[in-house]
Amino acid sequence: MSMKLKKGDLVKVITGKDKDKQGKIITINTKNNTALVEGVNMITKHTKPSAANQNGGIIHQEGPIHLSNLMYVHKGKATRIGFTMKDDKKVRVAKSTGEVID
């Protein structure tokens, strides 16, 4: 299955505790179909002191969210994504406007 969302895309959360929040995709895990989105699904993690983090303590970071709970934002509105061929190249297209995304 081809991935409709990519790293760096602006997305909107459509369900869950962070519904209607927007953010950019930091990373995508294709194996689990999850993504890390800036400022969405924040979790607290308790860490021990280490070489990288001298003090340790409580860290707030993004948790993974399933791709089915995200929608691509195009010109301020959430839209579905489709594919089409343009000059022998497969490109993503916004379903709401029909415009090529990338």
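Two strands count as paired here if DSSP finds at least two bridges between them. On that basis, the predicted model holds an open sheet of 6 strands, in the order β6-β3-β2-β1-β7-β8, with antiparallel pairing. At the edges stand β6 (65–66) and β8 (77–79); each has a single partner strand, so one side of each is left without a neighbour in the sheet.

Going through the sheet pair by pair, β1 (residues 10–13) runs antiparallel to β2 (residues 22–29), and 3 bridges link them. Within that pairing, Val 11 sits opposite Gly 23 of β2. On to β3 (residues 34–37): this strand is joined to β2 by 4 bridges, again in the antiparallel sense, and Ala 35 in β3 is the bridge partner of Ile 28. The β2 and β3 strands make a hairpin with 4 residues between them. One of the turn residues, Asn 33, has a positive phi of about 55 degrees. Over at the β8 edge, β7 (residues 70–74) pairs with β8 through 3 bridges, also antiparallel, and here Val 73 faces Ala 78 of β8.

Next comes the nonpolar packing. In soluble globular proteins, nonpolar side chains tend to be buried together. The largest nonpolar core in this model has 14 residues, and those touching the most other members are Leu 5, Val 11, Ile 25, Val 37, Ile 65 and Leu 70. Two or more residues come from each of β1, β3 and β7. Val 11 makes a handy vantage point: leaving aside neighbours within four places in sequence, its contacts include Leu 5, Ile 25, Val 37 and Leu 70. Also on the contact list of Val 11 are Lys 21, Gln 22 and Gly 23, along with Met 71, Tyr 72 and Val 73.

Then there is the charged side of things. Side chains of opposite charge can pair when their charged atoms come close. The model has 4 salt bridges in its count. One of them joins Asp 9 to Arg 92, with the closest N and O atoms 2.8 Å apart. Since Asp 9 belongs to the segment before β1 and Arg 92 to strand β10 (residues 89–94), the pair ties together parts that are 83 residues apart in sequence. Both ends are out of the way of solvent by the accessibility criterion: Asp 9 is buried at 9% relative accessible area, and Arg 92 is buried at 4%. The two side chains also make a polar contact, at 2.8 Å. Apart from neighbours within four places in sequence, Asp 9 touches Lys 4, Gly 23, Lys 24, Ile 25 and Tyr 72 as well as Arg 92. Gly 23 and Ile 25 thus turn up in the surroundings of Asp 9 and of Val 11.

Another salt bridge brings the side chains of Lys 12 and Asp 20 together, at 3.9 Å from N to O. Lys 12 is partly exposed, with 24% relative accessibility. A further one pairs Glu 99 with Lys 75, and here the N to O distance is 2.9 Å. Glu 99 is in the segment after β10, while Lys 75 is in the loop between β7 and β8, so this pair ties together parts that are 24 residues apart in sequence. As for solvent, Glu 99 is partly exposed at 32% relative accessibility, whereas Lys 75 is exposed at 63%.

Technical notes: Residues are numbered from 1 along each chain as its sequence is written. This is a predicted model: local features need pLDDT of at least 70, side-chain atom pairs count only at pLDDT 80 or more; totals for chains, interfaces and linings use all residues. Side-chain values use heavy atoms; hydrogens and water are left out. A polar contact is a pair of N or O atoms within 3.5 Å; within protein, one must be able to donate a hydrogen and the other to accept it, and residues adjacent in sequence count only if both atoms are side-chain atoms. Contact means heavy atoms within 4.5 Å. A nonpolar core is a set of buried Ala, Val, Leu, Ile, Met, Phe, Trp, Tyr and Cys residues joined through side-chain atoms within 4.5 Å. Buried means under 20% relative accessible area, exposed over 50%, partly exposed in between (1.4 Å probe, protein chains only).
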